[in-house]
Amino acid sequence: MFCREILKKIKAITDRINEEDFRKFINEIKKAPRIYIIGYGRSGLVARAFAMRLVHLRKKVFVIGETVTPAMRAGDVLLAVSGSGETPMVVEVARAAKRLKGKIIAVTKKKKSPLYELADLCVIIPTPETLKSADHYEVRELAGFPSPPLGSLFEISALIFFEACVITLMIELGIKEEEMQKIHANL
């Protein structure tokens with residue numbers, strides 16, 4: 001079972017997330033009038049999980065692509081999650097939000113990416129590049145430890161980053177878990 005090995009990799013990644021960027025991220029979320037969230041695939045699932053927690057923390061949150069998402073206004077925040085920083089729809093929505101005078105916060109693993117360039121604030125989840133070659137995969141297999149496939153380290157590490165943000169926001173906003181439970185979905 002590879003659980004311990006995966007956890008070691010996740011710890012090594014999350015230990016390298018920049019503390020100053022974490023602090024800036026928390027401050028931006030706290031002061032954001034409205035937060036729009038976008039991500040696709042597994043990054044989108046992680047982003048949606050964070051959106052749910054922000055709702056529990058009494059933040060006004062919208063997920064891009066839902067029919068009930070209202071127009072963005074100047075000063076609103078777009079939180080864009082993309083491991084590659086190149087996901088076409090995520091980048092296009094970030095460009096549109098920029099034109100609307102929104103603030104762009106990106107969570108990605110790549111500094112050299114269109115999303116990073118568009119962002120007013122970027123939190124880097126420092127995961128290794130996904131190996132594209134089958135030969136590299138076989139080498140890892142022969143070495144005895146195949147890494148989690150297809151960006152999993154990014155999504156798992158991003159989820160842990162977001163959960164750390166939730167705990168910090170709970171403390172700083174003075175919101176207890178019991179209060180969050182009252183807002184939790186009940187249908």
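Two strands are taken as paired if DSSP finds at least two bridges between them. In the predicted model described here, strand 1 and strand 3 (residues 77-81) meet that condition, since four bridges join them and they run parallel. This pairing is a convenient place to enter the fold, and the description below works outward from it.

Taken as a whole, the protein contains eight helices and five strands. Their order along the sequence is α-α-β-α-β-β-α-β-α-β-α-α-α. Among the 187 residues of the protein, 44% count as buried. Of the contacts with a separation of 6 or more, 73% are made by residues 24 or more positions apart. The protein exposes about 10800 Å², and carbon and sulfur atoms supply 59% of that area.

Strand 1 (residues 35-38) deserves a closer look. Its side chains I35 and I37 point one way, Y36 and I38 point the other way, and all are buried. Besides its pairing with strand 3, strand 1 pairs in the parallel sense with strand 2 (residues 61-63), here over three bridges. Individual partners can be picked out on each side: I35 has V61 of strand 2 as its bridge partner, while I38 stands opposite A80 in strand 3. Between strand 1 and strand 2 the chain passes through helix 3 (residues 41-56), and the resulting β-α-β crossover is right-handed.

Further along the chain, another parallel pair is formed by strand 4 and strand 5, which are joined by four bridges. Within this pair, T108 has I124 of strand 5 as its bridge partner. In strand 5, L121 and V123 point one way and C122 and I124 the other way, and all of these residues are buried.

Helix 2 offers a good view of how a helix sits against these strands. The helix covers residues 19-31, which makes 13 residues, and spans 19 Å from its first C-alpha to its last, close to the 18 Å expected at 1.5 Å a residue. The buried residues in helix 2 are D21, F22, F25, I26, E28 and I29. Viewed down the helix axis, the buried residues of helix 2 fall within an arc of 165°, so they line one face of the helix. On the other side of helix 2, E19, E20 and K31 are exposed. What do the buried residues of helix 2 pack against? Their partners are strand 1, strand 3, strand 4 (103-108) and strand 5 (121-124), together with helix 3 and helix 7 (152-173).

The stretch that follows strand 4 brings together parts of the chain that are separated in sequence. S113 is found in the loop between strand 4 and helix 5 (114-118). With a relative accessible area of 4%, S113 falls under the 20% limit and is therefore buried. Apart from residues up to four places away in sequence, S113 touches S84, G85 and E86. The next residue to consider is P114, which lies in helix 5. P114 has a relative accessible area of 31% and is partly exposed. P114 and G85 are 29 residues apart in sequence, yet their C-alpha atoms are 6.2 Å apart in space. When neighbours within four places in sequence are set aside, P114 is in contact with G85, E86, V91 and R95. G85 and E86 thus appear among the contacts of S113 and also among those of P114.

Two loop residues are worth pointing out for their backbone angles. R58 lies in the loop between helix 3 and strand 2, and its phi is near 70°, a positive value in a residue other than glycine. K101 is placed in the loop between helix 4 (88-99) and strand 4. Although K101 is not a glycine, its phi is positive too, at about 70°. Are these residues buried or exposed? R58 counts as exposed, at 52% relative accessibility, and K101 is exposed as well, with a relative accessible area of 61%.

Methods: Residues numbered from 1 in each chain as written. Predicted model: local features only at pLDDT ≥ 70, side-chain atom pairs only at ≥ 80, totals over all residues. Heavy atoms only, no water. Buried < 20%, exposed > 50% of the residue type's maximum accessible area, 1.4 Å probe, protein only. Contact = heavy atoms within 4.5 Å. Areas by Shrake-Rupley, 256 points an atom, 1.4 Å probe, with all protein chains shown as cover. Right-handed = clockwise from strand over helix to strand, strands pointing away. Expected span 1.5 Å × (residues − 1). Arc of directions from axis to C-beta.
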